[in-house]
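Got the viewer open? Let's take a walk through this chain, one selection at a time.

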Amino acid sequence: MADWNKKQISRSEIEELTKKYGIDSLFASVLSRRGIVEGKDLLYYLEDDLRFQHSPFNFKNMEDAVDRVLAAVEEKEKVLIFGDRDVDGVSATTILYDCLSSLGLDVSYRLPQGDETYGLSMDAVDDFASKDGSLIITVDCGISNYNEIEHAADLGIDTIVMDHHNPPELLSENAIYLDPKLPDSGYPFPDISGAAVVYKFVSAVRFSKSKWYKAECTLMNVRPVNEAYTIECIKIKNLIPLSKIEETIVPGTVSVMQTRLPSYLQNQVLLVWDGETTKHLLKNCFGSGIEFNFLDIRPEVAKLFPAFGQYSLLRIKDMSKIARYGSHPSTEIGGFYNIYVTYVQQSLKLENPDYSALEEKDLQLVALAALADIMPMKNENRLFVRNGLKSINAGRIRGGLLELMSHLNLLGKKVSSVDLSWIIVSNLNAAGRLGQPELAAELFLSKDPSLRDQSALKIIELNSQRKLLSQEAWDYAAIQAEASIGQYSDKLCVVADSRINRGVSGILAGRLCAKYDIPAIAITFVDDICIGSMRSCRGYSVLSLLDQLNEFFLSYGGHNFAAGFSIKKENLDNFLNRLKQLAPLIELEESKANQYEVDAEIPNSYLTPKLLELEDKFEPYGEENKQLLFMSRGLSVKDGMLLGKGEKQHLKLTVEGANLKWPCLFWNEGERLNRDFRIGDKIDMLYHIERNTFNGMEKAQIIIQELEKSQIN
């Protein structure tokens, strides 16, 4: 019997959330049940503005990467983008190719074809060298390609690695690395996609065209504190705070030369808010014999944001949205910094009106990549996907995606993150899985609508083939998989079969992992090489296991819960034996199979389509942000019928709540009608609410997750 768990929450916590953030109690209660109560997390559920994303210059190597590409432009070098075959890799390749070609670079791209291995290859390096290439940029790969990077360096080729996979212990010194998972990357959020890393780089390149690139400046604020004055300064470069000082001055006790100010402000452009007031306060501190050379930027800011022109920093700090979500008190200098960054960003867009449209196009691919690579739907990933969906649903769909959506009958309906994940991503991934990733790249990069249309149709056909191959792989693996579990101490499920198509081994591993609720490995063969895909669950990092087996691998890597490897076929038996020895040591968290975490219990009188508004607030759904799960009790079953043919039929019900009759679908559970309940009975139900669009008409419908006959008469 399944467990329906509704976490108890604090009434005082709900009241605090509703008061502080101006949200209703139902929204607050769901946030609380999900543990989303800190401002730094709430921000990404309550705000959509890209102002809240992290700066690309948080990457400590970003400036080096930008300068290397600008040098390539100056010297008219040949550049190769080497990507991966999946949606993330193709998206990253597309975003970077669009950017570099717009700079006038002689740029080409290469993706693994057919049975080529993942990551930069020696052949790719040698081929590029033969064409007098001088700069390789890897995207969504490269972090583990030590030997290939060294080989490129020997041939006089520089490398920039833009990746997001877990790094190995040994990195080549002959590359510039942008990877948020590097311990010293400087980037505050490690779980962005490869395409997002490239998007950050492209954003930095656009910023480099402005007068603010590399320009250091210092923001200064002076404020009275009792009988003294506090002088606060923040030094900034590329909109990133480099350092901060604070001096409290009692007039007449020290000279300016006895403070840190002269050395700190040396050779700095000094910016203040309200020059006359600042000048007066500094005179009070140090007397009239000291002159500070500063620029008052309030008039310039007021040209873009007229309302701010009349406010002091004391007032502005309380208006700051960023401060609203902070865990510390807002400060005047903090408010000054926030408004300065917003001013620069807005100025940049006004000076370059095409940037907003280009950013929209990029973010649609970043959204796809985040969902395809199962990035957690928290922090700035939510901004990426929400903004990508926003422009898609506004009809500003980038070329390639438009043609694909047209053939998938997605135009004219409100597209959700679930649609992106289950329909668009699954089709796009088929191209790479079946060894033709160039089709997906051509879909996004071609300027010819007719060619994009042809690519879209080919991709959809490949996805049909992928479905057949996936089912065949399951048929081959089912018996072997179940038999393997005992051999691996009930901690692993392992299959190895030459009939498994390499392109669906990851899908098979994921399906086995979901079915048996333990980590799973699917291995197939390409000539004398074994190619393995591993998927995990219950809090277990697959890389912690693969690290213990690294003597067997030709290559391996990936993420904590999804990884891949290759080994020589002659070593397979020894590898599997060693795996059996390690399996008992695997520590899995308690299984949550058949456990449902209820987000909210909805009384029948509140079961209305308005719940879709709450659904929308939690979009996008995905990893670490599952679709809202509601519970209602005592719903009357008004009608029921079976749908589909074959062994597993679906159930279509009509239930009544709030005097509304709701259409409900219960997938693969047709056998339960007239067994567990009948028409006319009352049921308790766990469910999602979704939009169903048909012939341009949108209606709310219920997708049942579980039900049981109600004890309520």
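Start with L239, in the loop between β8 (228–237) and β9 (240–249). Keep in mind throughout that you're looking at a predicted model. L239 has a positive phi of about 70°, although it isn't a glycine. That's worth a pause, because most residues other than glycine have a negative phi. Is L239 buried or exposed? Its relative accessibility is 11%, under the 20% cut-off, so L239 counts as buried.

Next, jump to E624, in the loop between α24 and β19. Here too you'll find a positive phi on a residue that isn't glycine, this time about 65°. E624 has a relative accessible area of 53%, and the cut-off for exposed is over 50%, so E624 is exposed.

Stay in that loop, which runs between α24 (611–618) and β19 (630–643), and pick out P620. The peptide bond joining E619 and P620 is cis, with omega about 0°. As a reminder, most peptide bonds are trans.

Now for a pair of helices. Select α19 (residues 437–445) and α20 (residues 449–487): their axes come within 9 Å and cross at roughly 145°. The crossing is left-handed. Which residues of α19 meet α20? Show L439, A440, E442 and L443 as sticks on the α19 side, then R452, S455, A456, K458, I459 and L462 on the α20 side. Coloured by type, the residues of this contact come out as six nonpolar, one polar and three charged.

While you have α20 up, select A478, which lies in this helix. A478 has a relative accessible area of 24%; that falls between the 20% and 50% cut-offs, so A478 is partly exposed. Try a distance from its C-alpha to that of K378, 100 residues away along the chain: the two atoms are separated by 35 Å.

Last stop, the interior. In soluble globular proteins, nonpolar side chains tend to be buried together. In this model the largest nonpolar core has 146 residues, and the members touching the most others are I137, F201, Y340, L368 and L428. Centre on L368 and ignore its neighbours within four places in sequence: what is L368 in contact with? You should find V87, L401, L420, I424, V425, L428 and F444 around L368. There's also a second, separate core of 45 residues; to locate it, select V494, I500, A522 and F565, which are among its members.

Methods:
Residues are numbered from 1 along each chain as its sequence is written. This is a predicted model: local features need pLDDT of at least 70, side-chain atom pairs count only at pLDDT 80 or more; totals for chains, interfaces and linings use all residues. Side-chain values use heavy atoms; hydrogens and water are left out. Helices (H or I, at least four residues) and strands (E, at least two) are DSSP runs, numbered from the N terminus. Buried means under 20% relative accessible area, exposed over 50%, partly exposed in between (1.4 Å probe, protein chains only). Axes are lines fitted to C-alpha atoms, for helices over the stretch in contact, and angles run from 0 to 180 degrees between N-to-C directions. A crossing is left-handed if the near helix is turned anticlockwise from the far one by less than a right angle, and right-handed if clockwise. Contact means heavy atoms within 4.5 Å. Ala, Val, Leu, Ile, Met, Phe, Trp, Tyr, Cys and Pro count as nonpolar, Asp, Glu, Lys and Arg as charged, and the others, Gly among them, as polar. A nonpolar core is a set of buried Ala, Val, Leu, Ile, Met, Phe, Trp, Tyr and Cys residues joined through side-chain atoms within 4.5 Å.
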